[in-house]
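These are my notebook entries on a structure that was new to me. I set down what I looked up, entry by entry.

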Amino acid sequence: MASRNVIQQQNKGEVVVPGVVKQKKSMAAEGRNRKALGDIGNLATGRGVEGKPLPQKSVAVNVKVANVANGAQKVPAGRKPTQKKATVKPKPEEIIEISPDTREKQMEKKMLRKKQAAEDISKKKSTLTSTLTARSKAACGLSQKPKEQIVDIDAADVNNELAVLEYVEDIYNFYKLAESETRVHDYIDSQPEISEKMRAILIDWLIEVHLKFELNQETLYLTINIVDRYLAVETSSRRELQLVGISAMLIASKYEEIWAPEVNDFVCIADKTYSHDQVLTMEKQILGQLEWYLTVPTPYVFLVRFIKASLPDSEMESMVYFLAELGLMNYATVIYCPSMIAASAVYAARHTLKRTPFWNGTLKLHTGFTESQVIECARLLVNYHAEAANHRLKVIYKKYSNSERGAVALLPPAKSLLDASSSSC
């Protein structure tokens with residue numbers, strides 16, 4: 001009976017949807033002029049008049065019927081219901097998880113690309129600038145001088161652990177600072193009984209003692225440094241001057257030598273002018289005045305480095321030491337710092353042996369002095385060389401006239417420096 005009622009209601013133009021009991025009368029009235037929905041087959045699954053199941057139609061029609069049942073817009077008679085276009089849902093995008101390492105690599109690649117682009121731009125600019133500069137110089141008739149090459153003087157000592165190449169530059173920078181602290185000022189006027197000539201006699205004798213004892217070069221330079229520093233702070237009599245000299249050499253020998261001479265050796269070398277106790281007393285007095293400060297930069301420590309920078313041979317090395325010792329013997333060089341004396345000795349030696357260029361970038365770098373700064377002291381050393389053959393004090397001259405030291409004292413002095421000084425005057 002229920003299905004029959006449904007069919008009758010369908011024939012009348014009423015749509016029966018499960019869950020909906022009755023439609024409004026107005027809707028039923030409007031349905032009289034329309035074809036039965038049963039003809040379209042737009043019914044839910046049910047049985048016909050004779051109990052046969054009614055055929056099911058498309059889902060789209062069922063949706064329309066449902067919309068009509070719910071009070072939606074009706075479809076006019078004789079017109080096919082418009083079907084909605086099927087919307088294609090986009091496929092879900094694959095999400096690629098990027099690990100932190102991958103992100104870092106991508107960032108590095110981006111930075112490298114930016115850096116490469118910046119370098120390419122700078123190269124183009126520098127090339128353009130250099131080209132324009134070269135053209136302008138060529139137009140003005142200016143020739144570009146080649147850059148002076150600096151020689152690596154420590155290349156041969158790479159495998160020498162005693163050369164301490166890692167610290168050698170720092171060591172000499174420290175020496176440069178320390179030499180100003182221990183620099184000797186002009187003291188001869190404060191010594192009533194000692195003159196420049198007496199000091200020269202003492203130094204000449206000490207060089208002879210140094211030769212006789214066969215001591216190291218460091219010992220000689222430290223001895224003269226101790227003598228000058230002591231006389232700069234303490235007044236000494238003429239009678240004690242030689243005692244000051246042998247006591248200073250005793251101190252320097254203990255500091256520098258492996259086997260230092262004994263006190264009795266110095267007493268004998270001084271022809272027993274002073275006793276054993278006097279030497280020890282003077283030794284204590286000197287150490288007290290100097291406050292036991294013996295680690296000082298003497299000209300010798302700079303000579304070793306500056307000679308190496310001049311790329312010398314044995315003749316060049318002997319000539320530098322000859323001129324340096326002449327400078328130590330003469331009091332006029334006291335006003336110069338140890339590094340200046342060493343650099344000037346190298347410059348004067350190169351003039352004497354005619355090694356050109358007389359001053360180059362390598363020497364300027366390692367000495368810290370320009371040619372104009374060392375030329376005055378170098379002329380002084382060349383003057384001492386010119387006077388050495390006729391001087392009354394000949395120990396240094398005889399020492400370097402020996403063939404073992406290249407007989408460099410017998411070579412003519414650098415007249416080019418002396419002539420330049422006389423012409424400038």
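Entry 1. Second largest pocket

Which element gives the largest share of the lining of the second largest pocket? I worked from a predicted model throughout. I found that H12 supplies that share, with three residues. I then noted every element that gives two or more residues to this lining: helix H6 (168–181), helix H8 (217–233), helix H9 (241–256) and helix H12 (299–309).

I counted 14 lining residues in the record of this pocket, and Tyr175, Glu218, Glu256, Tyr300 and Val301 lie nearest its centre. The space in the second largest pocket comes to about 360 Å³. By class, I listed ten nonpolar, two polar and two charged residues in its lining.

Entry 2. Largest cavity

I next looked up enclosed space. How many cavities of 30 Å³ or more does the structure hold? I found one. The largest cavity contains about 250 Å³ of space.

Its lining is made up of 18 residues, and I noted Val184, Asn225, Asp228, Pro299 and Pro338 as those nearest the centre of the cavity. H8, H13 and helix H14 (338–352) supply at least two lining residues each. Of the elements, H8 gives the most, with four residues. By class, the lining of the largest cavity has ten nonpolar, four polar and four charged residues. I also remarked that H8 appears in both entries, as a contributor to the lining of the second largest pocket and to that of the largest cavity.

Entry 3. Nonpolar core

I turned to the interior. In soluble globular proteins, nonpolar side chains tend to be buried together. Which members of the largest nonpolar core touch the most other members? I found Ile226, Leu303 and Phe322, in a core of 97 residues. Helix H13 (residues 314–329) provides the largest share of this core, ten residues.

I followed Leu303 further. Beyond its neighbours within four places in sequence, Leu303 is in contact with Tyr221, Val320, Tyr321, Ala324, Ala342 and Ala345.

Entry 4. Aromatic pairs

I searched the whole structure for aromatic pairs and obtained eleven. Why is the pair of Tyr187 and Tyr331 edge-to-face? The ring centres of Tyr187 and Tyr331 are 5.4 Å apart and their planes stand at 90 degrees, so the pair is edge-to-face; planes over 60 degrees apart are given that name. The pair joins distant parts of the chain, 144 residues apart, with Tyr187 in the loop between H6 and helix H7 (196–213) and Tyr331 in the loop between H13 and H14.

Is Tyr187 buried or exposed? I recorded a relative accessible area of 1% for Tyr187, so this residue is buried. Tyr331, at 7% relative accessibility, also counts as buried.

I then examined Phe213 and Phe266, an edge-to-face aromatic pair with 5.4 Å from centre to centre and 85 degrees between the planes. This pair too links distant parts of the chain, with Phe213 in helix H7 and Phe266 in helix H10 (residues 263–269), 53 residues apart. Phe213 counts as partly exposed because its relative accessibility is 22%, and the cut-off for buried is under 20%. Phe266, at 0%, counts as buried.

Entry 5. Ring cluster

Which residues do ring pairs link into a cluster? I noted Tyr172, Phe174, Tyr175, Phe302 and Phe306. Tyr175 had already appeared in my first entry, among the residues nearest the centre of the second largest pocket.

Notes. Residues are numbered from 1 along each chain as its sequence is written. This is a predicted model: local features need pLDDT of at least 70, side-chain atom pairs count only at pLDDT 80 or more; totals for chains, interfaces and linings use all residues. Side-chain values use heavy atoms; hydrogens and water are left out. On a 1 Å grid over the protein atoms alone, a cavity is a set of points where a 1.4 Å probe fits but cannot get out, and a pocket is an open set with protein on both sides within 12 Å along at least five of seven lines; lining residues have an atom within 4 Å of a point. Grid points are joined across faces, edges and corners, and a volume is the space filled by probe spheres set on the points. Ala, Val, Leu, Ile, Met, Phe, Trp, Tyr, Cys and Pro count as nonpolar, Asp, Glu, Lys and Arg as charged, and the others, Gly among them, as polar. A nonpolar core is a set of buried Ala, Val, Leu, Ile, Met, Phe, Trp, Tyr and Cys residues joined through side-chain atoms within 4.5 Å. Buried means under 20% relative accessible area, exposed over 50%, partly exposed in between (1.4 Å probe, protein chains only). Contact means heavy atoms within 4.5 Å. Rings of Phe, Tyr and Trp (its six-membered ring) pair if their centres lie within 6.5 Å; planes under 30 degrees apart count as stacked, over 60 as edge-to-face and the rest as tilted.
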